[in-house]
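User: Please take a close look at the second largest pocket. Which residues lie closest to its centre, and which elements supply at least two residues of its lining?

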Amino acid sequence: MKSEAQVVVIGGGVVGASVAYHLTKGGWKDIVLVERSELTSGSTWHAAGGMHTLNGDPNVAKLQQYTINLYKEIEAISGVSCGMHVTGGLNLAGTKERLDWLKMAKARGRYLGMNLEILSIDEAAKMYPFIEKKHFVGAMFDPVEGHLDPWGVTQAYAKCAQMAGAEIVRFNRVVDLKPRPDGSWDVITEKGNIHAEHVVNCGGLWAREVGRMVGLELPILAMEHHYLITEDLPEVIDPNVDKFHVIDFEGEIYMRQERGGMLIGTYEQACVPWSERETPWDFGQNLLPNDLERIAPSLETAFEHFPALGKAGIRKTVNGPFTFAPDGNPLIGPVRGLKNFWVACGVMAGFSQGGGVGLALANWMIEGDPGHDVWGMDVARYGDWATLPYTNAKVRENYSRRFRIRFPNEELPAARPLRTSPIYDRLIAGNAVMGEACGLEHPLWFAPKGVEPVENVTFRRSNAHPHVAAECRAVRSGVGVTEIANYGKIEVEGPRAAEFLARVMAGRIPAAGRLALSPMLNDNGKLIGDFTLSRYAEDKFLLICSLSAVDYYLRWFEKQAIEGVTCRGVSMDYPGLSVAGPKARELMQKLVREDLSNAAFPFMSFRKLDIGMIPALVGRVSFTGELGYEIWVRPEYQRALHKLLVEAGATQFGLRALLCLRLEKSFGTWFREYRPIYGPYEAGLGRFVDLKRGGFVGAAAAAEKAQGGKLRLSTFAVEATDADAIGDEPIWRDGRVIGWATSGGYGHTVGQSLAMGYIEKAHAEASDGFEIEIIGERRPARRLAAPAYDPEGLRMRS
């Protein structure tokens, strides 16, 4: 075993082997993969080996496509068979809502190049003889589904890596990790030490234990997972002809042919975590005790929906653990505060995602950027609030809902409430329907007196629609107040704070007492952030951003750090309130001694003010597009401020209304309109990029301006009926898909369904001829040349 290496990969499952292969493929040859036992000996060896491209996140789906297409390559290089069987798959819908979900999945597949097909249940039954048709209403066929040999895939990755120069060390446990001052690591193993520039935690079932070696508690948990293999079914199965994979969503089971029988797996409601606190190091190629009683309800459903299965005995039962993150997506990327320490774990769909995870992480390590939009997998999406008990509760919920619909307006109950602002009880008393993000409760909308604060979950407009409309009217015609504790906040302070921000931000740096909007770009000139820069002293800034991305931003700031500057996440130190509407100044002036006239406190001002008795930082800006103020106070003052504003006459409104109001103004948001796959000029943020100043990270954006980019963010008025765009719907023109929606909703002020989305630049000047596919129907749409409401922006500047 080497004593020096550029990278040590810890873990020899499919993910670790994929990372090692992709690092060597990218040009880094000095790699050592260290595995505590034999390759595949964690959860890889007992996996059912299914593979599919379907995923609710289109960016994850792209990486799943890459993974499946990669298998022929590693087979050819290594000479090791991956045991691939590309059979295609049937996804069965037992309800109208599930069929709507499949239609939406098919629509997403259009701009991903996926050849998905919606079938009647009669058509599905002809393809698959097991189906009892009365339980289903339709299906979707995906030709790129199948299964493979988990051992063969892992060995193929490993051999490819070895052939390119990597070393694979088996039966050697890593027992500790010690950082050196230069950011390199001493990897302490049972058979000696390796000094490595980089360490990658691909520990799988033991990823928590590896993380704890460096003081990191990763939010992952292993769950017991059952599948069984039936005896032969000669009357319906030809062992020489592979039948399709089948997912029965309402039955919560998946199936595929296994020789002459069937493999049946379930994500049962009575799910059980495994080794909740620690994973035993001596757990190897072991299985867990069978618990067929626990999965009996699922099996009974399977026998009811597919009667032929009930005629066969059980040949084999497998119960083994595999890991989940709270939202079911992997955890990958660099870890803030741990230089050159990387993770790739929680990859529960390893044979669908392992190749893409390896590619993205290798790109990230070698090039400084993953090369794909991996926000949905980034380890930075979880903060300190994702504790072990929180993870336990959310993983259980996620596992038990694996095959259930998550409606766009559905809020899940597990691990709630966790984080609350000081006015949480006041919001509940005000009949608020609460939502959650990053463990933090926030108001979605307020039910009028006498109306139960419960929202019906649906793909269409819900019972909240008229109440959100009333909130929008209150803001547009009078004055409203909403909590903005769920905005992210970062303090940047120090004598060189402005110099630091001038390097990391692409926009103008405001003078003291002013605000500025600024995109943040990566080295390739792509969007990695959207900020309001608030400067309340020469050396003090408060940055307003997306709450979910605060750790992501702090990690980037750490990479760009200079002496004399401190950056600190302060989201819960400033739980703010926003006041907006044409009567906002009138209300605020009653509570403030200073002159708030447009001349004295103009648009984009920012200063310290006393509101009543309450010290506050106040910005003259609003995401509603109205005259407005964002007010940031310390936690001990938020209750008094909320009481003061409500008693002064402000109507409470929630996030749903805020998002409708911002759509009418064509204001984009992080994660929807602004993501690392878009450039600032494509996203309509070019006016905020200060190319004359230069000297900032991402000056490559100048090339995008010169070349024009490929896409344009646009807003559309849609001829919708009872359902609006929500995001990821294809946008059609001239008989083909030319873009995708990023978000949508109803503009209550303008009386129009609206959507935002990216389209090919060649179509960006056209107004007519567009269609947006909403729940399987192509609805006519018109591109708007200006925001639907107050296109000149006079109201927010008034």
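Analyst: In sorting a lining by class, Ala, Val, Leu, Ile, Met, Phe, Trp, Tyr, Cys and Pro count as nonpolar, Asp, Glu, Lys and Arg as charged, and the others, Gly among them, as polar. By that division, the lining of the second largest pocket has 14 nonpolar, six polar and 11 charged residues.

The model is predicted: local features need pLDDT of at least 70 and side-chain atom pairs pLDDT 80 or more, while totals for chains, interfaces and linings use all residues. Residues are numbered from 1 along each chain as its sequence is written, and side-chain values use heavy atoms, without hydrogens and water.

A pocket is an open set of points on a 1 Å grid over the protein atoms alone, where a 1.4 Å probe fits and protein lies on both sides within 12 Å along at least five of seven lines; a lining residue has an atom within 4 Å of a point. Volume is the space filled by probe spheres set on the points, which are joined across faces, edges and corners. For the second largest pocket this volume is about 660 Å³. Its lining comprises 31 residues, of which P334, W342, W364, R555 and K559 are the closest to the centre.

Helices (H or I, at least four residues) and strands (E, at least two) are DSSP runs numbered from the N terminus. The elements that each give at least two residues to this lining are the strands β12 (192–201), β19 (331–335) and β20 (338–345), and the helices α8 (350–367) and α13.

Helix α13 (residues 550–559) also leads to a sheet: the helix lies across β24, β25, β26 (527–537), β27 (540–546) and β28. Contact here means heavy atoms within 4.5 Å. The helix runs at about 80 degrees to β26, with axes fitted to C-alpha atoms (for helices, over the stretch in contact) and angles from 0 to 180 degrees between N-to-C directions.

These five strands form an open sheet in the order β25-β26-β27-β24-β28, with antiparallel pairing; two strands pair if DSSP finds at least two bridges between them. At the edges are β25 (514–521) and β28 (566–569), each pairing on one side only. Neighbouring strands are turned by 25 degrees against each other on average, direction ignored. Strand β24 (residues 487–493) is joined to β28 by four bridges and runs antiparallel to it. In this pair, E493 has T566 of β28 as its bridge partner.
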